[in-house]
Amino acid sequence: MALNLSQKQEVVAELAEIAAKAHSLVAVEYAGTTVSQMTAMRKKARESGVFLKVVKNTLAARAVAGTEFEVVKDALVGPLLYAFSLEEPGAAGRVIKEFAKANAKLIPKVVSVEGKLLPPAHVDVLASLPTRQEALAMLARVLSEPAAMFARAVKAVADQQGGGEAAAEASAEAEPA
């Protein structure tokens, strides 16, 4: 069904708004994908904070103009499904990679992160990025390690000077028999 001018303007405005706040973009060729596969992918995308949209490339090129995804304008060729990560950079890559395993006709064509156009093979790299929770856990481990090392060093010095034995004896005396 052809869109009239006002509908096209609405689509461009919606995509421009999404592109302005998105962390990454993955565009995939979807020809040959069944309706049930697309429905499952859309459901998974919503759960993951990914915006999926099939739109004409000319409208997508207009929508990304003035955003960090403007670098992809020349790479938009063929029927494409656009996946914008709204919550974390790797979410779109994970959704696309997961569904590409089950559907060989889902072929990555464009990957863009932080204003850079990357090769389609970088979907795997994008998918392997840690989630926000995983990144925070890694940061917490890195920040807590110096304190843990200091505590182990203090304990080792105390054990060397015999303080460890005195502390063990004091705790044994404090416990009722």
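**Exercise 1.** In this predicted model, find which residues Val55 is in contact with, leaving aside its neighbours within four places in sequence.

*Solution.* Step 1: set aside the neighbours of Val55 within four places in sequence. Step 2: list what remains in contact with Val55, namely Val11, Leu15, Ala60, Leu80 and Tyr82.

**Exercise 2.** Place Val55 in the largest nonpolar core and name the elements that give two or more residues to this core.

*Solution.* Step 1: the largest nonpolar core has 22 residues, and Val55 is among those with the most contacts inside it, together with Leu15, Phe69, Leu76, Tyr82 and Phe84. Step 2: two or more residues come from each of helix H1 (5–21), strand E1 (24–29), helix H3 (57–64) and strand E3. Step 3: a separate second core has 17 residues, including Ala45, Leu52, Val95 and Leu106.

**Exercise 3.** Decide whether Tyr82 is buried or exposed, and describe its surroundings.

*Solution.* Step 1: Tyr82 belongs to strand E3 (residues 80–85). Step 2: its relative accessibility is 2%; buried means under 20%, so Tyr82 counts as buried. Step 3: beyond four places in sequence, the contacts of Tyr82 include Phe51, Leu76 and Asn57. Step 4: the side chains of Tyr82 and Asn57 are joined by a polar contact of 2.5 Å. Step 5: Leu15 is 67 residues from Tyr82 in sequence, with 9.7 Å between their C-alpha atoms.

**Exercise 4.** Decide whether Leu143 is buried or exposed, and name the patch residues.

*Solution.* Step 1: locate Leu143 in helix H6 (residues 132–160). Step 2: exposed means over 50%, and Leu143 has a relative accessible area of 60%, so Leu143 is exposed. Step 3: Leu143 forms a nonpolar surface patch of about 290 Å² with Leu136 and Leu139.

Definitions and conventions: Residues are numbered from 1 along each chain as its sequence is written. This is a predicted model: local features need pLDDT of at least 70, side-chain atom pairs count only at pLDDT 80 or more; totals for chains, interfaces and linings use all residues. Side-chain values use heavy atoms; hydrogens and water are left out. Patches are made of residues with over 30% relative accessible area and no salt bridge: like charges are joined within 9 Å, nonpolar side chains (Val, Leu, Ile, Met, Phe, Trp, Tyr) within 5 Å. Accessible areas come from the Shrake-Rupley method with a 1.4 Å probe; for residues, only the protein chains shown count as cover. A salt bridge is a side-chain nitrogen of Lys or Arg within 4 Å of a carboxyl oxygen of Asp or Glu. Helices (H or I, at least four residues) and strands (E, at least two) are DSSP runs, numbered from the N terminus. Buried means under 20% relative accessible area, exposed over 50%, partly exposed in between (1.4 Å probe, protein chains only). Contact means heavy atoms within 4.5 Å. A polar contact is a pair of N or O atoms within 3.5 Å; within protein, one must be able to donate a hydrogen and the other to accept it, and residues adjacent in sequence count only if both atoms are side-chain atoms. A nonpolar core is a set of buried Ala, Val, Leu, Ile, Met, Phe, Trp, Tyr and Cys residues joined through side-chain atoms within 4.5 Å.
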